[in-house]
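Q: Could you take a close look at a single part of this model with me, and then follow what lies around that part? I would like the terms explained as they come up.

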Amino acid sequence: MDNWIPALIIGVVIIISLASWYGVRKLRQPDPEPDPAVRSLSSDRKRQQVAVVINPVKTHAARARRIITTECELAGWPEPLFLETAKDDPGATMTAEALEKGADVVIACGGDGTVRVVAEALAETGVSLGLVPLGTGNLLARNLEMNVSDLDGSIATALFGDERKIDSCQIELENADSGEITKHSFLVMAGIGFDAKMVSDTRDDLKKNMGWLAYGESGVRHLPGRRTKVGISLDDEPEQHRRVRSVLFGNCGLLPGGIDFIPNAVIDDGIMDVVVLSPRSAIGWLAMAGKVLFKPRRPSPSIDFYRARKIALHCTEPMETQLDGDPSGPVKSLSVEVDPCALTVRVHRQGAAGRQQEQLQSALEDPPADRYTAN
């Protein structure tokens, strides 16, 4: 870290610690009921056509190719179809080609960007998504309880695992510069504000050497800053206004390092978890960190949790966005909606539901007192 950064942080902490928490408000919202619980579809894996959308520059990509080829040959299946991503196309064209050639499963062999693009093309098709995580965050794989360091195990799951339906989230972004509206999907978490700046400014050399820990260095650099006024509407309710540093839209909540950022988020309940971050000072950041790490029942004025099926948000000034850890540019407004159980994913044969089933039961039977209450 550069020498000026600690000095800057100390100075900013002294100044903003004097700021009051006056004016921090919560959003009023309805409390949607979850849809039926985990959908796990066990299947007897027979002959299948395997397609692999692979990022060839990722570490272990060549080894993954060899293992997949060998496994398909030993199973007596057709030779797998390998389709390499490009710098300007992380997998959309390749997935479309896989579908045209009759793939029964499309394996995303790369990072979170490759997974998100492949999943977007597979949603509502019934064709299974397999995961071979080769990236920095590997967010979806972590939330499905995969061992992201076990390459052989990930390939076995992608080829022979059970099938599970999970939600996909659809998002529309209005570009702040051109006004163009684009549509995308995400599977884990999208965000606007501080988190997106952190993601977009993470240094590539640190990511290569430190993995997901590199995001922390960027996060520290962006801690100082002011809040932005936004208008938020939950499930078509009247718009409400907040001053925020960041708003996150979570389909599931487990982050790298084992941080359970949204403890009761369930990946197939048809509901999105919305997290509003509004710290005004260093104390606010510390309180928010304590809430995330230690999960006290007492509410914190710096972080609020809500649930909704649809969210609309507009900004008084452009704010950066990210989708599953990939920068997606500055926007003037956005809208998000859940597409329930739109995607079929290969998961471990035993204990596939695991953590998610426990979370759903916990959310239904004993919701924390400070979560999801109308204000």
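A: The buried residues of helix α3 pack against several other elements, namely β2 (50–54), β3 (81–84), β4 (105–110) and α4. Contact here means heavy atoms within 4.5 Å, while a residue is called buried under 20% relative accessible area, exposed over 50%, and partly exposed in between, with a 1.4 Å probe and protein chains only. Helices (H or I, at least four residues) and strands (E, at least two) are DSSP runs, numbered from the N terminus.

Some ground rules come before the details. This is a predicted model, in which local features need a pLDDT of at least 70 and side-chain atom pairs count only at pLDDT 80 or more, whereas totals for chains, interfaces and linings use all residues. Residues are numbered from 1 along each chain as its sequence is written, and side-chain values use heavy atoms, with hydrogens and water left out.

Which residues of α3 are buried? In this helix, which covers residues 92–100, they are Met94, Thr95 and Ala98. Seen down the axis of α3, these buried residues fall within an arc of 95 degrees, so they line one face of the helix; the arc is that of the directions from the helix axis to the C-beta atoms. A general rule helps in reading such a pattern: an α-helix has 3.6 residues a turn, so residues three or four places apart point the same way.

Glutamate 97 is partly exposed, with a relative accessible area of 28%. This glutamate 97 is joined by a salt bridge to lysine 101, and the closest N and O atoms of the two are 2.9 Å apart. A salt bridge is a side-chain nitrogen of Lys or Arg within 4 Å of a carboxyl oxygen of Asp or Glu. In general, side chains of opposite charge can pair when their charged atoms come close. After α3 comes glycine 102, which has a positive phi near 80 degrees.

Strand β3, one of the elements against which α3 packs, leads to another charged pair. Between arginine 65 and glutamate 84 there is a salt bridge whose closest N and O atoms are 2.8 Å apart. This pair links distant parts of the chain, since arginine 65 belongs to helix α2 (residues 61–75) and glutamate 84 to strand β3, 19 residues apart. Both partners are partly exposed, arginine 65 at 28% relative accessibility and glutamate 84 at 43%.

Helix α4 also takes part in the packing with α3, and the loop between α4 (112–122) and β5 (128–133) holds glutamate 124. Although glutamate 124 is not a glycine, its phi is positive, at about 70 degrees. Is glutamate 124 buried or exposed? Its relative accessibility is 55%, and therefore glutamate 124 counts as exposed.

For comparison, aspartate 324 is another residue other than glycine with a positive phi, here near 50 degrees. Aspartate 324 sits in the loop between β16 (310–323) and β17 (326–347), but its relative accessibility is 5%, so aspartate 324 counts as buried.

Strand β16 also contains lysine 310, whose side chain meets that of aspartate 236 in a salt bridge (2.6 Å, N to O). Here too the pair links distant parts of the chain, with lysine 310 in β16 and aspartate 236 in the loop between β9 (228–234) and β10 (240–244), 74 residues apart. Lysine 310 is partly exposed at 28%, whereas aspartate 236, at 61% relative accessibility, counts as exposed. In the whole structure, a search finds 12 salt bridges.

How far can the model be trusted? The pLDDT, which is the predictor's confidence in each residue from 0 to 100, averages 81 for the protein chain, and 72% of the residues score at least 70. Over residues 34–43, however, the pLDDT is below 50, and this stretch has 38 contacts in the model beyond near neighbours in sequence. Residues 351–357 also stay under 50, and for them the model has 22 contacts beyond four places in sequence. Where pLDDT is low, the predicted coordinates should not be read in detail.
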